[in-house]
Structure formats: structure tokens, C-alpha cells
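Work through the exercises below with the structure open beside you. Try each task before reading its solution.

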Amino acid sequence: MKPFYEIVIQGHLTLHRFRQFENLTVIYDASGETVLTYPIPDQSALLGLLNWLYDLGVVLISIRRLKET
């Protein structure tokens, strides 16, 4: 089972930016943040996602591994 991560970024990205990611949950917070929840199999995949966000120029607010259920 892949662990899920919650990634919070500043601003709202359009949904078409995320179409390459299966099983990604996107929540637009009223405070202007976007909350992404996504299963990430390993640290390499996590780094790839973070680099992709960096290339988009978004500001990373937080990242945390969610407890597996």
C-alpha cells in the first residue's frame, strides 16, 4: 500500500494542471490555499512531485505523511 501525503500550496491551480496524476484529491481552501492528497510510493516519487510544483513556481506551505489506515 502506498502512503498518502498531504501537500498544501499557496494559491489555486487549475485542475487541468493535475490531469497527469491518478488518485489525486484537490481541495481549494477558502483561505487561498490548495490542498493535495496523493498516494506516493517512495521518496523518489515525492521528490519528483515537489520538483514539478517548484517548476510551476508555486509556494509550498506544508507537506505531511498521513497515517495509513
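The exercises that follow concern a predicted model.

**Exercise 1. The hairpin**

Find how strand 2 and strand 3 run, and how many bridges join them.

*Solution.*
- Step 1. Locate strand 2 at residues 25-28 and strand 3 at residues 33-39.
- Step 2. Check the direction: the two strands run antiparallel, and four bridges join them.
- Step 3. Pick out a facing pair. Thr25 stands opposite Thr37 in strand 3.
- Step 4. Inspect the turn. Four residues lie between the two strands of this hairpin, and Gly32 in the turn has a positive phi of about 100°.

**Exercise 2. The aromatic rings**

Classify the ring pair formed by Phe21 and Tyr38, and state what the pair ties together.

*Solution.*
- Step 1. Count the aromatic pairs: the structure holds three.
- Step 2. Take Phe21 and Tyr38. Their ring centres are 5.4 Å apart, with 80° between the planes.
- Step 3. Apply the cut-off. Planes over 60 degrees apart count as edge-to-face, and this pair is edge-to-face.
- Step 4. Place the partners. Phe21 lies in the loop between strand 1 (4-10) and strand 2, and Tyr38 lies in strand 3, so the pair ties together parts 17 residues apart in sequence.
- Step 5. Check burial: both Phe21 and Tyr38 are buried.
- Step 6. Widen the view. Ring pairs link Phe18, Phe21, Tyr38 and Trp52 into a cluster.

**Exercise 3. The nonpolar core**

Which element gives the most residues to the largest nonpolar core?

*Solution.*
- Step 1. Size the core: the largest one has 15 residues.
- Step 2. Find those with the most contacts inside this core. They are Phe18, Phe21, Leu49 and Leu53.
- Step 3. List the elements that give two or more residues: strand 1, strand 3 and helix 1 (43-56).
- Step 4. Choose among them. Helix 1 gives the most, with four residues.
- Step 5. Follow one residue outward. Leaving aside neighbours within four places in sequence, Leu49 is in contact with Ile7, Phe21, Tyr38 and Ile40.

**Exercise 4. The two faces of helix 1**

Why do the buried residues of helix 1 lie on the same side?

*Solution.*
- Step 1. Name the buried residues of helix 1: Leu46, Leu49, Trp52 and Leu53.
- Step 2. Look at the arc. These residues cover only 120° around the axis, which puts them on the same side of helix 1.
- Step 3. Recall the geometry. An α-helix has 3.6 residues a turn, so residues three or four places apart point the same way.
- Step 4. Find the packing partners. The buried residues of helix 1 pack against strand 1, strand 3 and strand 4 (60-65).
- Step 5. Turn to the face away from the buried side. There helix 1 carries the exposed residues Gln43, Ser44, Tyr54 and Asp55.

Definitions and conventions. Residues numbered from 1 in each chain as written. Predicted model: local features only at pLDDT ≥ 70, side-chain atom pairs only at ≥ 80, totals over all residues. Heavy atoms only, no water. Pairing = 2+ DSSP bridges. Phe/Tyr/Trp six-rings, centres within 6.5 Å; stacked < 30°, edge-to-face > 60°. Buried < 20%, exposed > 50% of the residue type's maximum accessible area, 1.4 Å probe, protein only. Core = buried A, V, L, I, M, F, W, Y, C linked by side-chain atoms within 4.5 Å. Contact = heavy atoms within 4.5 Å. Arc of directions from axis to C-beta.
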